[in-house]
Amino acid sequence: PLQKRMLASRRTLAQRGFNEAVTYAFLPETHAKLFGGGQPELKLANAISSELTDMRPSLLPNLLAAAGRNIARGFSDFAISEVGHAYAGDKPADETLRAAGIRQGDATTRGWLKGERNADAFDVKADVFAILEACGMAASGLQVVQQAPAWFHPGRAGTIQMGPQNKLAVFGEI
């Protein structure tokens, strides 16, 4: 079931216009700390470089770095995503499969019938619901609450959950 959900997530993201990125599972300690990592058990004993010292607690830091490189090269409209593992500790149960994506700039493909409009939190929310539905979750049983990790904009982010305990996804502007 996990492999089917992974493939369904990748396929859904591609259908929604995302280009898939494949990033390292490690990142600098400063980036890890910004996204809830930086614990001693997530430090690499034999890092491949002096900058990539920690296992990633989230897919977002590496995607944000890739987005920054795209912007620096003059690409202002893009959507990139990754489906991969994130780490909360050094035990096998602490490794989770996640999907993450970043939209920047124009929300729709340009054409003579469509006007330009920048992507917003509602576009991302629609992406998240599409992924959850592709993985077998019924949207009618889910609720959106206005809670999100600190790296999201406080008024333009939310959490999708099933009941008060089962948090399935977070979305918003960074």
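This is a short talk about one helix and the aromatic pairs in the structure above.

Okay, hi everyone. Keep in mind that we're looking at a predicted model.

Let's start with helix H3, which covers residues 60-72. How far apart should its ends be? With 13 residues at 1.5 Å a residue, H3 should span 18 Å, and its end C-alpha atoms are indeed 18 Å apart, so the two agree. Now, which residues of H3 are buried? Those are Leu60, Pro61, Asn62, Leu63, Ala66 and Ala67. Among the elements covering them are strand E2 (26-27) and helix H2 (29-34), along with strands E4 (78-87) and E5 (95-104). And just past the end of H3, glycine 74 takes a positive phi of about 95°.

On to the rings. How many aromatic pairs does a search of the whole structure find? Three. One of them is tyrosine 24 with phenylalanine 26, a stacked pair, with 5.5 Å centre to centre and 20° between the planes. Here tyrosine 24 is exposed, at 51% relative accessible area, whereas phenylalanine 26 is buried, at 19%.

Then there's phenylalanine 35 with tryptophan 151, which is tilted: 4.8 Å centre to centre and 45° between the planes. Phenylalanine 35 sits in the loop between H2 and strand E3, and tryptophan 151 in the loop between strands E6 and E7, so this pair ties together parts that are 116 residues apart in sequence. Phenylalanine 35 is buried, with a relative accessible area of 10%, while tryptophan 151 is partly exposed at 24%. Ring pairs also bring in Phe152, linking Phe35, Trp151 and Phe152 into a cluster.

That's it from me, thanks!

Key:
Residues are numbered from 1 along each chain as its sequence is written. This is a predicted model: local features need pLDDT of at least 70, side-chain atom pairs count only at pLDDT 80 or more; totals for chains, interfaces and linings use all residues. Side-chain values use heavy atoms; hydrogens and water are left out. Helices (H or I, at least four residues) and strands (E, at least two) are DSSP runs, numbered from the N terminus. The expected span of a helix is 1.5 Å times one less than its number of residues. Buried means under 20% relative accessible area, exposed over 50%, partly exposed in between (1.4 Å probe, protein chains only). Contact means heavy atoms within 4.5 Å. Rings of Phe, Tyr and Trp (its six-membered ring) pair if their centres lie within 6.5 Å; planes under 30 degrees apart count as stacked, over 60 as edge-to-face and the rest as tilted.
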